[in-house]
Amino acid sequence: MRTPLIAGNWKMHNTEAEAISLVRVLMQRIRFFSGVEVLICPPFTSLSQLHKLLVSSPILLGAQNISEQSSGAYTGEISGRMAAEFCSHVILGHSERRAYFGEDDALINQKVRAAQKAGLIPVLCVGESLAERDAGSAAEVIRCQLRGALAGIQLSAPSDLVVAYEPVWAIGTGRSALPEDITKVISSVIRPGLAAKWGEKLAEGIRILYGGSVNPGNAGGYLSQPEIDGALVGGASLSAEKFLAIIERTQ
Ligand code: PGA
């Protein structure tokens, strides 16, 4: 059985002080939930303090990005090893990194390798744009992203990778996808793609999340689908109340 995972992607929000007060509220309430893993991905600047704060909490910490390089003269970059001092996971291939920072599948593949080398679990994001969806090429786009990002990657356990299906047109737009459509993409494209690579048994255990305008109102619809193993939450993860309400929908 796959344990649901609710992950919060804070993006470029919250100073360290703001991060601490948000996490304090989460910590108090998260003890009342069971059978769900909770991951938050704050900006790098808060990781060290939050790591100290969360030492005896089940809340997991993730980074939003790492460099594909392991160390060296790369001004402004953070290596996997640095992130792994504080984090268990790292978001890779997010559509904002692809769109604004020119990350392509080849680079994302290098970052997946860097994450594995550092002992971080990649939360690999894939998803089609609106134009690609309208052109009927969503499935091919997703297949291609998976093939590119995971080329040559070995996986020893299903828990060593998380995939997030995030249709680009649903991110930060308030326009969420239908739960049945997400299920269809996961069961006909993503999981078979993983099975073709690593075999059905391993693929069956890999968690596949949905992301894109998830909120307390629509979360139940996604999380009740057996093929959707959790959510990658952007905007709504910045509010303790909303994020907790989404976690509650897994109960
Ligand atoms: P959103 O972001 O929930 O604000 O749409 C999701 C994401 O970017 O992962």
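**A guided reading of the fold**

Apart from neighbours within four places in sequence, D229 is in contact with R2, T3, P4, L5, R191, I206, R207, I208 and L209. The model in which these contacts appear is a predicted one. D229 belongs to the loop that joins α10 (219–223) to β8 (230–233). Its relative accessible area is 5%, below the 20% limit, and D229 is therefore classed as buried. A further spatial relation links D229 to V162: the two are 67 residues apart in sequence, yet their C-alpha atoms lie 9.6 Å from each other.

A second loop residue, L161, can be read in a similar way. L161 sits in the loop between α7 (138–149) and β6 (162–165). With a relative accessible area of 2%, L161 is buried. Not counting residues up to four places away in sequence, L161 touches I121, P122, L124, L150, L155, W198, I206 and R207. For one of these partners, I121, the C-alpha separation from L161 is 5.6 Å, although 40 residues along the chain lie between the two positions. I206 and R207 appear among the contacts of L161, and both also appear among those of D229.

These loops belong to a protein chain with 11 helices and eight strands. Its radius of gyration is 17 Å, close to the 18 Å that the globule rule gives for 251 residues, so the chain is as compact as a globular protein of that length. Taken along the principal axes, the box filled by the C-alpha atoms is roughly 45 × 45 × 35 Å. Among contacts in the chain with a separation of 6 or more, 73% are made by residues 24 or more positions apart. Of the 251 residues, 51% are buried.

What occupies the interior? In soluble globular proteins, nonpolar side chains tend to be buried together. In this chain the largest nonpolar core has 68 residues, and the members that touch the most others are I40, I190 and L194. Helix α8 (residues 179–198) supplies the largest share of this core, with eight residues. A second core, separate from the former, has 12 residues, including L5, C41, I121 and L209. Three of these names have been met before: L5 and L209 are contacts of D229, and I121 is a contact of L161. Returning to the largest core, I190 is in contact with V126, I142, L146, V163, Y165, V185 and I208, once its neighbours within four places in sequence are left aside.

The outer surface may be considered next. The chain exposes about 11,400 Å², of which carbon and sulfur atoms supply 53%. The chain carries 23 positive and 24 negative charges, and the mean positions of the two sets are 3 Å apart. A99, in helix α4 (residues 95–100), counts as exposed because its relative accessibility is 58%, above the 50% limit. The C-alpha atoms of A99 and R147 are separated by 19 Å, with the two positions 48 residues apart along the chain.

Finally, the backbone of one loop deserves attention. K11 lies in the loop between β1 (5–9) and α1 (16–30), and N14 is found in the loop between β1 and α1 as well. Neither residue is a glycine, yet K11 has a positive phi of about 55° and N14 has a positive phi of about 85°. N14 is partly exposed, with a relative accessible area of 22%.

Notes: Residues are numbered from 1 along each chain as its sequence is written. This is a predicted model: local features need pLDDT of at least 70, side-chain atom pairs count only at pLDDT 80 or more; totals for chains, interfaces and linings use all residues. Side-chain values use heavy atoms; hydrogens and water are left out. Helices (H or I, at least four residues) and strands (E, at least two) are DSSP runs, numbered from the N terminus. The radius of gyration is taken over C-alpha atoms; the globule rule is 2.2 Å times the number of residues to the power 0.38. Buried means under 20% relative accessible area, exposed over 50%, partly exposed in between (1.4 Å probe, protein chains only). Contact means heavy atoms within 4.5 Å. Accessible areas come from the Shrake-Rupley method with a 1.4 Å probe; for residues, only the protein chains shown count as cover. Lys and Arg count as positive and Asp and Glu as negative; His and the chain ends are not counted. The place of a charge is taken as NZ of Lys, CZ of Arg, CG of Asp or CD of Glu. A nonpolar core is a set of buried Ala, Val, Leu, Ile, Met, Phe, Trp, Tyr and Cys residues joined through side-chain atoms within 4.5 Å.
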